[in-house]
Each structure stands twice: as C-alpha cells, then as structure tokens.
Amino acid sequence: MACISPDGKPTESGTKTLSALKSGLGSAEEIAKSTGLPLFRVRSGLRELTQAGLANQKGDTYELSSRGVELLGTLSN
Amino acid sequence: MEEVRERTISLPRIGEPAPAFEVATTQGVLKLEDFKGAWLILFSHPADFTPVCTTEFIAFAEIYPELQKRGVQLLGLSVDSVSSHIAWVRNIEEKTGVRIPFPIIADLSKEVSLAYGMIHPGQSKTETVRCVFIIDPNQIIRTILYYPLTTGRNMDEILRIIAALQTTDKNAVATPANWRPGDMVVVPPPNTQEMAEERLKQGYECVDWYLCKKKLQAK
C-alpha cells in the first residue's frame with residue numbers, strides 16, 4: 001500500500017492527498033498540482049483511499065468520507 | 001517452456017494500444033491507465049543487484065529530470081519482488097548516492113513481461129531482456145527497443161526518440177537519420193503531382209520533390 005501503512009496510518013503521500021481532499025480539491029489533476037505528487041501516484045492513491053473507505057468517488061472527482069475526516073482529525077491531535 | 005514460447009508470439013506492436021496492467025510496484029499498486037495523459041517509458045531489466053542493470057538505473061535516474069521537463073514518466077520492471085527492488089534501490093543510493101525516483105514493477109507472475117514480449121527464451125527463460133516501450137499520452141505504443149542481456153541501453157538515444165516523437169506530434173513532420181533537436185526536419189511527402197510541384201517553390205531545402213527539409217520556427 002502506498003497511501004496507507006500496514007498499521008492503518010496514512011503515509012506522507014496519503015496524508016497530503018487526504019489534506020488536499022479536505023481543502024476541497026476533488027480531481028486527481030488538482031490534487032497533483034497542489035501536492036506536487038506525480039499524477040499517476042495521485043490516481044493510484046485515490047483508488048487506494050477509496051477502497052479503504054477514506055474517500056468517496058463521484059464520477060471523476062473525490063471527496064473525503066466521514067472516516068477520512070475522522071482519521072485526519074486524529075493525525076492533527 | 002512451450003507455453004512461454006507460444007505466449008510470446010503475440011507481441012505488442014507500434015501503433016497499437018499498450019496492453020493494460022495492474023501491478024505491484026515500489027510506489028504502490030499502479031495501473032497503466034494511471035499514466036494516461038503523460039508519455040511513459042516502460043522498461044524491463046533482467047534482475048536486481050546485477051552490474052549492467054545497476055549502471056542503467058543510475059543512467060535512467062540521471063535523465064529523469066530531462067524526462068520530467070518533457071512530460072515523460074519512467075516505469076521499470078523485472079520479475080523480482082517489491083522487497084528485492086526496495087533493497088536494490090536502497091543499495092544503489094547507499095553506494096553511489098543516486099536516488100531512484102521512479103517506480104519499479106514486481107512482475108513475479110510474469111503477466112506484464114509476457115503481455116509485452118519481454119521474455120525471450122533464447123536469451124533467458126526466466127529473466128526479461130532489456131526492453132523499452134515508449135507509450136504516448138493516449139497509451140499507444142510509439143517505439144519498441146530490445147537490447148540483449150549483455151548490452152546496456154543508450155540514454156541519449158532514448159531522449160532523442162522522445163524529442164523526435166514529440167516534435168513529430170507537434171509539427172506534423174518526420175525526423176531524418178541522426179536527427180537532433182534543432183536540426184532540420186523532413187516535410188511529409190506530397191500526395192499529388194500538383195503538391196509535388198508546389199513544394200519545390202515553397203523555400204524548403206529539397207534534394208528532390210520527395211525529400212524536402214525545413215527548419216522549425218523557434219518557439
């Protein structure tokens with residue numbers, strides 16, 4: 001897993017992607033531009049975060065799920 | 001053995017869509033479609049922790065910034081595991097100071113190797129030969145290079161091909177032998193006699209009507 005470690009915590013790139021979603025960015029292209037991550041990694045990461053229930057996909061865009069919000073909250077504490 | 005021979009008969013060809021894949025890499029699970037919109041160089045190497053491959057990985061890392069400027073991503077592949085790839089790239093960095101910035105596919109099942117015709121049983125039944133597939137932003141194969149196990153690849157040629165393909169796409173021209181960026185390009189041959197006659201009046205540098213070159217405008 002590239003975005004989520006085996007212990008369930010997001011990696012650095014996973015945290016960047018989740019934070020970008022929290023800030024309202026929804027497309028892979030926007031997130032890649034804002035985080036500086038390569039687009040292929042953002043696409044792969046969003047797929048992984050969605051499968052883990054941390055993000056929801058709506059067409060070509062994504063948003064943070066309630067579990068994603070919760071997880072980000074624990075990281076900032 | 002027979003199965004490998006049979007399955008490698010159907011090789012991907014220039015101008016055809018690149019075979020899709022979903023694979024474990026050193027940067028997570030990646031699909032071919034994740035690279036859509038970017039140029040992609042998919043290349044295979046025989047095995048981790050081998051001398052020629054190590055020199056190639058260092059050389060690929062050295063041209064990585066130039067490839068990034070040209071919108072090109074790199075994706076390596078061998079039939080080794082992710083753990084082996086990680087150990088190898090860490091060793092390269094420790095011993096040479098060169099960080100490998102691109103992902104490497106762990107093709108333990110040989111699914112991608114067989115789909116792309118990377119295993120040549122006459123060279124090795126288990127290792128991939130040195131292949132380079134240049135795939136365009138629409139995921140069409142534009143160039144295929146094969147090198148034997150004993151010969152390391154030429155990075156200048158790979159950069160030259162990328163520059164040539166991008167120049168062709170942008171300007172609807174072809175590039176002559178030994179072309180380098182900045183050199184004159186070949187104007188596509190005319191389709192009619194009228195076009196052939198007009199061509200000779202257009203100020204191109206022509207050997208004859210079928211071989212005309214022009215300078216591209218600097219942008």
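Which residue follows helix 1 of chain A, and what is the sign of its phi? Some notes on that and a few other spots, bearing in mind that this is a predicted model.

1. The residue after helix 1 of chain A is A:Gly24, and its phi is positive, near 105°. If you're going through backbone torsions, that's the glycine to find after the helix.

2. Staying with helix 1 of chain A, which covers residues 12–22, the buried residues are A:Ser13, A:Gly14, A:Thr17, A:Leu18, A:Ala20 and A:Leu21. Looking down the axis, these buried residues fall within an arc of 160°, so they line one face of the helix. An α-helix has 3.6 residues a turn, so residues three or four places apart point the same way. On the other side of this helix, A:Glu12 and A:Lys22 are exposed.

3. Over to the cysteines. How many disulfides are there over all chains? The count comes to 1. The pair is B:Cys206 and B:Cys212, with their sulfur atoms 2.1 Å apart. The torsion about the S-S bond is about 110°, so this disulfide is right-handed.

4. The two partners of that bond sit in unlike surroundings: B:Cys206 is partly exposed, at a relative accessible area of 27%, whereas B:Cys212 is buried, at 0%. On B:Cys131, there's no disulfide to report, and the nearest cysteine sulfur, that of B:Cys53, is 12 Å away. The cut-off for a disulfide is 2.5 Å between sulfur atoms, so B:Cys131 and B:Cys53, at 12 Å, don't make a pair. B:Cys131 is buried too, with a relative accessible area of 0%. In chain A, A:Cys3 counts as buried, at 3% relative accessibility.

5. Now for a bit of greasy surface on chain B. B:Leu200, B:Trp209 and B:Tyr210 make a nonpolar surface patch of about 330 Å². Of these, B:Leu200 is found in the loop that runs between helix 6 (193–199) and strand 9 (205–208) of chain B. B:Leu200 is partly exposed, with a relative accessible area of 48%. Patch members need over 30% relative accessible area, so B:Leu200 passes that part of the test at 48%.

6. Last, the layout of chain B. Its domain assignment gives domain 1 as 2–152 and domain 2 as 172–214. How far apart are the C-alpha centres of the two domains? They lie 36 Å apart.

Notes:
Residues numbered from 1 in each chain as written. Chains lettered and ligands numbered in written order. Predicted model: local features only at pLDDT ≥ 70, side-chain atom pairs only at ≥ 80, totals over all residues. Heavy atoms only, no water. Patch = residues over 30% accessible without salt bridge, like charges linked within 9 Å, V, L, I, M, F, W, Y side chains within 5 Å. Areas by Shrake-Rupley, 256 points an atom, 1.4 Å probe, with all protein chains shown as cover. Salt bridge = Lys/Arg side-chain N within 4 Å of Asp/Glu carboxyl O. Helix = DSSP H or I, 4+ residues; strand = E, 2+ residues; numbered from the N terminus. Buried < 20%, exposed > 50% of the residue type's maximum accessible area, 1.4 Å probe, protein only. Domains from an automatic or database assignment. Arc of directions from axis to C-beta.
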